[in-house]
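Student: I would like to understand why certain words are used when a structure is described, and how each word can be traced back to a value. Could we go through it together?

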Amino acid sequence: MQLWLYIIGVSVLVVLFIVWIFFYTMEASRKKRELLAVKVEDEKDRIKAPKIIKKQEIYYQLNTHAIRLNLYPKSHFKNYIVEEIYQKIVIDNYWLEEPFHTEFYKMLQFIGSNKLWIKDPKTREIIINTRDNNDKLSKKTSMNVLALNEVLESILYGLLLDLKRRKIVNKKDIQNAILSASIYVLSKSGEIDFICQNLGVTYSDRESLRYALVDKICENILLETKNKIVKDDFLNFTSITKIYNEVLLIQINIHILFLGISPLYQQLNYYHIHQKNN
Amino acid sequence: MLDQQITKTIPSNVSLIEIPVIRNKKICFIRAKEKVAEEKRSYLRSILIIIGDELITTNFADTVVLLAEIQKFERGNKQNFYTSVERHDGDVNLKLKLTEGHIYISTVEALAIINMYKLSLQGVSLTRIIEEELMLTAEMIAGYLNENKMLNKKG
């Protein structure tokens, strides 16, 4: 019995060994074939296209220190409304591109330091002939005016909303629109002679005034963009005029008395009788 | 400068009322009337003349001078401060100079102005108008114009 068992065990082992050898040889041959095929393909590729050199990836260190920005001091503004405009338009939107930033700041500085006004379209100019204590005759005019700061503020915010609605995202287009709006508002001021004296601007017509103002105020801006800012058929210009006319109707007027008669209103010699009386 | 410091507001018992005289040429009086409740009387304190967009007189004395010039009409002098006589095609007109342009007043209109002035003196006491005239400064008048919405365009 033991011999039989021994013979059977040995034979089984032999059969298993033979089977294993068979499969091993099959597997080895298959691998060989695959490798050959890959090599052939590689060689074909090598002939066709040059070898692509992989760039080494560069790892930068994170800048964790505070970034320094060159901003103008807000405390130099003499008017809080202008200060708000600077905060909301330049700082909040992060528009620190160099020609735009300084030119806009200079303009805001000029507007803030002078009490400029726009004539209310609904007002009537009434001239008053008065006598002073020495019985000297003098002429004064009283009318309703709008503060230019407030008009400019509401126009700029309205313009930004309008541009968002029309999906104009290009930063330069928006900046040009802002500059053209503020120059349009300046050209509508009631004291243009005073502005031109202060800035050293000369103009012949009312229409050429905006060109002269742009030449003076936006000195460092390129000529192409300057032309864009003043153009009447500029994409945003129609919306600017529309917003301007809307704002003038809503704005609260101030009742003011001037010394002298138009167009020789004496600069800054007016008295606020009723502050924002409406 | 000094006249600002004297009075800046119109006293509460004085009311300024606009009286249209000739509507075609926008000639109006502005009458300052003081009401005293204790005495049950009202006093005239001042009369002004407004033509179009210009207040021509802001004193009672000036108003009287202008009205006298209108009353005398063509018999007026060359020294006339406000008016001058103009003859055209046999018509005699009174030319009233304004800061912007001028208006012409005919004889009938002059009569109407004088009649209206006489009517405006009725029912009020004139005792305070000469010595205690309300001296209206430009600030007070401007404030009055604003309160009555006369600075807004009509129509």
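Student: In this predicted model, what share of the contacts in chain A with a separation of 6 or more comes from residues 24 or more positions apart?

Tutor: Counting the contacts in chain A with a separation of 6 or more, 64% are accounted for by residues 24 or more positions apart. For chain B the corresponding share is 44%.

Student: Why is chain A called more spread out than a compact globule?

Tutor: Begin with its elements, which are nine helices and five strands, following one another as α-α-α-β-β-β-α-α-α-α-α-α-β-β. The globule rule gives 19 Å for 278 residues, while the radius of gyration of chain A is 40 Å, which is well over that value, so chain A is more spread out than a compact globule. Its C-alpha atoms fill a box of roughly 155 × 50 × 35 Å along the principal axes.

Student: How is chain A divided into domains, and how far apart do the C-alpha centres of domain 1 and domain 2 lie?

Tutor: Domain 1 of chain A covers 1-59 and domain 2 covers 74-274, and there are 85 Å between their C-alpha centres.

Student: What makes chain B as compact as a globular protein of its length?

Tutor: Chain B has four helices and seven strands, in the order α-β-β-β-β-α-β-β-β-α-α. Its radius of gyration is 17 Å, and the globule rule gives 15 Å for 155 residues; the two values are close, so chain B is as compact as a globular protein of that length. The C-alpha trace of chain B spans about 55 × 35 × 30 Å along its principal axes.

Student: How do you know whether Lys228(A) is buried or exposed?

Tutor: One counts the C-beta atoms of other residues within 10 Å, and 20 or more make a residue buried. Lys228(A) has 20 such neighbours, and therefore it counts as buried. This lysine is found in helix H8 of chain A, residues 223-230, and its C-alpha is 7.5 Å from that of Asn176(A), although the two are 52 residues apart in sequence.

Student: Is Tyr94(A) buried or exposed by that count, and what is notable about its phi?

Tutor: A residue with 12 or fewer neighbours is exposed, and Tyr94(A) has 9 inside 10 Å, so it counts as exposed. Tyr94(A) lies in the loop between helix H2 (80-91) and helix H3 (98-113) of chain A. Its phi is near 70 degrees, which is a positive value in a residue other than glycine. Most residues other than glycine have a negative phi.

Student: Why does Lys167(A) count as exposed?

Tutor: Lys167(A) has 6 C-beta neighbours inside 10 Å, and because 12 or fewer is the cut-off, it counts as exposed. Lys167(A) sits in the loop between helix H4 (148-165) and helix H5 (171-187) of chain A, with a positive phi near 60 degrees.

Student: How do you know that strand S2 of chain A pairs with strand S3 of chain A?

Tutor: Two strands pair if there are at least two bridges between them, and S2(A) and S3(A), which is residues 137-147, have six, in the antiparallel sense. Arg131(A), for example, has Leu137(A) in S3(A) as its bridge partner. Five residues lie between the strands of this hairpin, in which Asp135(A) takes a positive phi near 60 degrees.

Student: What makes S2(A) and S4(B) a pair as well?

Tutor: S2(A), residues 126-131, and S4(B) share two bridges, in the parallel sense, and at least two is what the term requires. Ile127(A) stands opposite Glu54(B) in S4(B).

Student: How many residues of each chain are in contact with the other chain?

Tutor: Contact joins 21 residues of chain B to 24 residues of chain A. On the side of chain B that touches chain A, H4(B) supplies the largest share, seven residues, and that side divides into eight nonpolar, eight polar and five charged residues.

Student: Which residues have the most contacts inside the largest nonpolar core?

Tutor: This core has 39 residues, and among those with the most contacts inside it are Ile126(A), Ile128(A), Phe29(B) and Leu55(B). A second, separate core of 37 residues includes Leu116(A) and Ile217(A). In soluble globular proteins, nonpolar side chains tend to be buried together.

Notes
Residues numbered from 1 in each chain as written. Chains lettered and ligands numbered in written order. Predicted model: local features only at pLDDT ≥ 70, side-chain atom pairs only at ≥ 80, totals over all residues. Rg over C-alpha atoms; globule rule 2.2 N^0.38 Å. Contact = placed C-beta atoms within 7 Å. Nonpolar A, V, L, I, M, F, W, Y, C, P; charged D, E, K, R; others polar. Domains from an automatic or database assignment. Core = buried A, V, L, I, M, F, W, Y, C linked by C-beta atoms within 7 Å.
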